[in-house]
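Grab a pencil and work through these exercises on one protein chain. Each task comes with a worked solution, step by step.

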Amino acid sequence: MTIKEACAACNGTLIHFEIDVPVKGAQVDSRKITKGNLFIAVPGEKTDGHKFVNKAFELGAAACITEHEIEDAEGPCILVENSIRALGDIAQAYRKTFNIPVVGITGSVGKTSTKEMIASVLSEKYNVQKTAGNFNNDIGMPLTLMSVEPEHEVAVVEMGINHFGEMDRLFDICRPDIFVMTNIGACHLEFLGDLDGVLKAKTEGIKYMSPESLLVINGDDEKLATLRKTEGIRVSSYGIDSDDCDVYGTDIKSDSIKGISFVFNSDGNKAQAYVNVPGRHMVYNALAAVCVAKELRLDTDQIKDGIFAMRTITGRNDFVDINGFTVINDCYNANPASMKASLEVLSRCKGRKVAVLGDMGELGAEERLLHYQVGEYAASLPIDAVFLSGELSIEILNAIRMKAPKLYVYHELETGGMIERLLDYVETGDTILVKASHFMHYESVTESLKECNITDKE
């Protein structure tokens, strides 16, 4: 794609310099610019990307997308009404040049870990480009598409939304050949209303799928199961102990915090696999990868090796040894389903089991009930202590006191005070789960655990 072609794709107005220079990838952070990149100047709450246009040119940007003229610009600028919209339009045009399979992934829980699993499995046969981290919104997804190079043979793209209309836009840009849906859960209810609203929002893009496309669904999910016979497209389902699914897992055995083994069944064949990350939910992620791998013609050994090779990313169910503790660092985000899944993982760990939980956001009118239900679930598990902060987490506290009055639980509105009590409580050998929605900034909990000086309290 050249500057001229990028300009045409977004109906921009080209200002300054040459137009037939090729562009290679795109960035919204000027510090990440490499030679040939397209820099997208986005006005933000904290800073305005337009201030860094010339810095981008210094680092080798081929051109910049801007929403107003830059008087002293040192290179070609494409003037548009909306930079983010323009990025999507350019990515959409670039996507049309692909002749490789594109795998799109969405769902309320498990998008990122499923993306990592699918990419790990497919990498046993193909050169795979994947979404970095969880960069899955109307900026991150187009940037992922723009990062696909000629050597890549498959693209695995995460697609995250929290409003109606957003999936329609992402799908129109991405047009995945294989679309994976992990589950429908109580997530973003503030904007989507209820589970039916979540399903409606997540499936907006299915109308763009062709008869050759493949929809991969979690057949154990009540809402997704309704898509089994979607007219006009092929559907592949996966589940646990569900022989009515195309791919299903059996013989699941937890190996404490080391991982989990299972057998995947497909087309009458069975194979033993092992995930190096604990939790029953990881089996679902692996089964989704089996469905995709079968579509892209991987053999059984390649699938097993790819499942075994998968690793989590930082901040997502990431096991870290810190100061004699085992910390389950899962503080990037949270909703009721992912909170319960992480608590289940904690309950299987050795030593004292300590849950450090915080508020979950965007849950709508039932946010207090949903927090209370997390507390009920925590109370049902063999864990030793729960530390909480935040206004909504009071409901977790109330549920635990009602359902498990002997379980040690501590709550403060402010995270700082809670951390002080946590550091007084923990001992060498404890396993500590750290989980809350991103706005709670629970990375401060993990950092405090790293910096504390705890001696063995025998």
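**Exercise 1.** Find which backbone nitrogen a side-chain oxygen of Asp-299 reaches at the start of H10.

*Solution.* Go to the start of H10, a helix covering residues 300-309. There, a side-chain oxygen of Asp-299 comes to within 3.2 Å of the backbone nitrogen of Asp-301. A quick note on the source: this is a predicted model, where local features need pLDDT of at least 70, side-chain atom pairs count only at pLDDT 80 or more, and totals for chains, interfaces and linings use all residues. Numbering runs from 1 along each chain as its sequence is written, and side-chain values use heavy atoms, with hydrogens and water left out.

**Exercise 2.** Work out which residues of H10 are buried (under 20% relative accessible area, 1.4 Å probe, protein chains only), and why they line one face.

*Solution.* First, pick out Ile-303, Gly-306 and Ile-307 as the buried ones. Next, look down the axis of H10: its buried residues fall within an arc of 100°, so they line one face of the helix. The general rule is that an α-helix has 3.6 residues a turn, so residues three or four places apart point the same way. Last, see what these buried residues pack against: helix H4 (111-122), strands S13 (259-266) and S14 (269-275), and helix H9 (280-295).

**Exercise 3.** Now zoom out: how many helices and strands does the protein chain have?

*Solution.* Count 15 helices and 20 strands (DSSP runs of at least four residues, H or I, and at least two, E). For burial, 56% of the 458 residues in the protein chain are buried.

Methods:
Buried < 20%, exposed > 50% of the residue type's maximum accessible area, 1.4 Å probe, protein only. Arc of directions from axis to C-beta. Contact = heavy atoms within 4.5 Å. Polar contact = N/O pair within 3.5 Å; in protein donor to acceptor, adjacent residues only side chain to side chain.
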